[in-house]
Amino acid sequence: QSQLSQALNGLSDRAKEAKEFLVQLRNMVQQIQENSVEFEACLVAQCDALIDALNRRKAQLLSRVNKEHEHKLKVVRDQISHCTVKLRQTTGLMEYCLEVIKENDPSGFLQISDALIRRVHLTEDQWGKGTLTPRMTTDFDLNLDNAPLLQSIHQLDFVQMKVSSPVPAPPILQLEECCTHNNSATLSWKQPPLSTVQVEGYILELDDGNGGQFREVYVGKETMCTVDGLHFNSTYSARVKAFNKTGVSPYSKTLVLQTSEDTQSEEQTLPFPVPLERSQLRRMSPFSSTLNLQPSFPGRSYFELRSSAHQLSLHSSLQSLNSAVDIKKMVAVAWFSFDPASAHADIIFSNDNLTVTCNSYDDRVVLGKTGFSKGLHYWELSIDRYDNHPDPAFGVARVDVLKDAMLGKDDKAWAMYVDNNRSWFMHNNSHTNRTEGGITKGATVGVLLDLTRRTLTFSINEDQQGPVAFENLEGLFFPAVSLNRNVQV
């Protein structure tokens with residue numbers, strides 16, 4: 001009995017463990033069902049995102065085809081009109097000549113024959129080589145290569161989770177390759193020399209330049225990153241960490257970076273926004289930005305002035321500021337130029353990248369080299385050439401804005417497009433606030449980006465054009481222009 005009782009106790013323990021195991025398995029069934037629903041929803045969302053991206057790209061490609069279609073029709077219709085006029089003139093001349101040939105008076109005929117013969121030869125010469133040749137082919141020289149995408153779709157599959165590896169070691173910042181230029185900072189890092197742990201990517205963090213919290217500014221596989229749009233004359237702290245499927249490494253040592261001081265500053269009595277003294281500077285560089293525009297109080301730093309009750313309010317319109325009395329203030333000028341690296345291939349650069357035009361009849365986008373994420377900025381653009389009443393656009397954009405369409409056609413740009421009579425504001429292909437008044441050769445377009453109040457305002461020839469164009473702007477913005485071959489800026 002004692003032996004049977006002991007054996008029964010062991011069997012009872014097993015039965016208890018089995019019951020608990022069955023509960024665990026039943027919970028797993030429920031968890032599998034919930035995970036399956038969640039995974040299916042995630043899969044559907046990922047596939048829908050791919051379909052949406054493909055539909056957007058299809059719309060963009062169809063738009064290009066439509067533009068090519070309109071361009072071909074315009075060229076052919078222009079040639080039809082030109083040829084029709086010449087044919088009408090030629091036919092009229094032929095009819096007149098036939099009437100002259102019927103003239104029975106020899107002396108009257110001889111008086112006009114020489115001039116008439118020269119006119120006939122001249123008209124015949126005008127129908128020279130190429131006049132009766134089509135200027136445009138009927139074929140569309142566009143070929144969509146979808147083979148790589150189809151192959152990628154066929155290869156779309158699940159990735160099995162790999163066996164976990166150790167957490168990476170903290171990266172090492174390479175101080176000799178870290179630097180700042182204007183309001184940009186370049187940082188470089190590497191893994192410790194003896195580390196063999198696989199790294200899938202890195203996370204770079206910067207504070208706000210004022211001792212605040214760190215925030216992520218880059219996540220990816222590269223070991224070098226340039227951060228644009230920082231504040232001038234500020235101190236930033238940077239750190240980086242590595243990650244793989246197992247987890248995230250500790251942070252590297254913190255690096256302190258100092259952005260450049262404003263390249264030029266002078267204390268003068270100047271009206272806002274286009275001081276007379278700055279017009280000479282503008283001839284040297286039509287693309288400049290006025291930063292931290294505010295009253296000058298001796299012994300007070302900019303960061304103290306930001307919370308001062310005496311700080312100049314710049315939320316008023318340009319017209320009201322122009323009509324106000326002159327205010328003694330510090331004007332700091334940071335020069336920048338157009339950026340060939342990010343521009344559309346049809347953009348033509350000259351004058352040390354300060355002047356641009358285009359070799360296409362379609363609108364093409366070019367950005368400025370310097371991006372802004374905080375502070376107050378004002379720059380001007382001079383219209384050097386303006387033919388056939390096109391509608392160039394001026395404003396700000398993200399770095400990944402569409403380069404082959406008018407500025408403001410997508411959600412990455414905020415712009416004012418203007419012709420010789422009127423202007424509109426445009427963002428995400430939405431047109432608002434039609435305003436009378438346009439541009440001509442020699443006009444000046446001003447752009448006021450106030451990232452403190454998160455607004456964008458435009459002016460033409462120093463007068464505000466329309467109301468405040470856009471509000472609630474946040475992030476990194478680059479000066480931007482779109483134009484075609486009829487405009488030079």
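What joins the side chains of serine 423 and glutamine 465? A polar contact of 3.0 Å does, that term being a pair of N or O atoms within 3.5 Å where, within protein, one must be able to donate a hydrogen and the other to accept it, and residues adjacent in sequence count only if both atoms are side-chain atoms.

## Ground rules

This is a predicted model, so local features need pLDDT of at least 70 and side-chain atom pairs count only at pLDDT 80 or more, while totals for chains, interfaces and linings use all residues. Residues are numbered from 1 along each chain as its sequence is written, and side-chain values use heavy atoms, with hydrogens and water left out.

## Around serine 423

Serine 423 is buried at a relative accessible area of 0% (buried means under 20%, exposed over 50%, partly exposed in between; 1.4 Å probe, protein chains only). Its C-alpha sits 8.1 Å from that of glutamine 465, though 42 residues separate the two in sequence. Leaving out residues up to four places away in sequence, serine 423 touches Gln465 and others, including Met416, Tyr417 and Arg434 (contact is heavy atoms within 4.5 Å).

## Cysteines

Don't go looking for disulfides: a search of the whole structure turns up 0 (a disulfide is a pair of cysteine sulfur atoms within 2.5 Å). For cysteine 178, the closest cysteine sulfur belongs to cysteine 179 and is 7.6 Å off, so the gap is too far for a bond. Cysteine 178 counts as buried at 13% relative accessibility, and cysteine 358 does too, at 4%.
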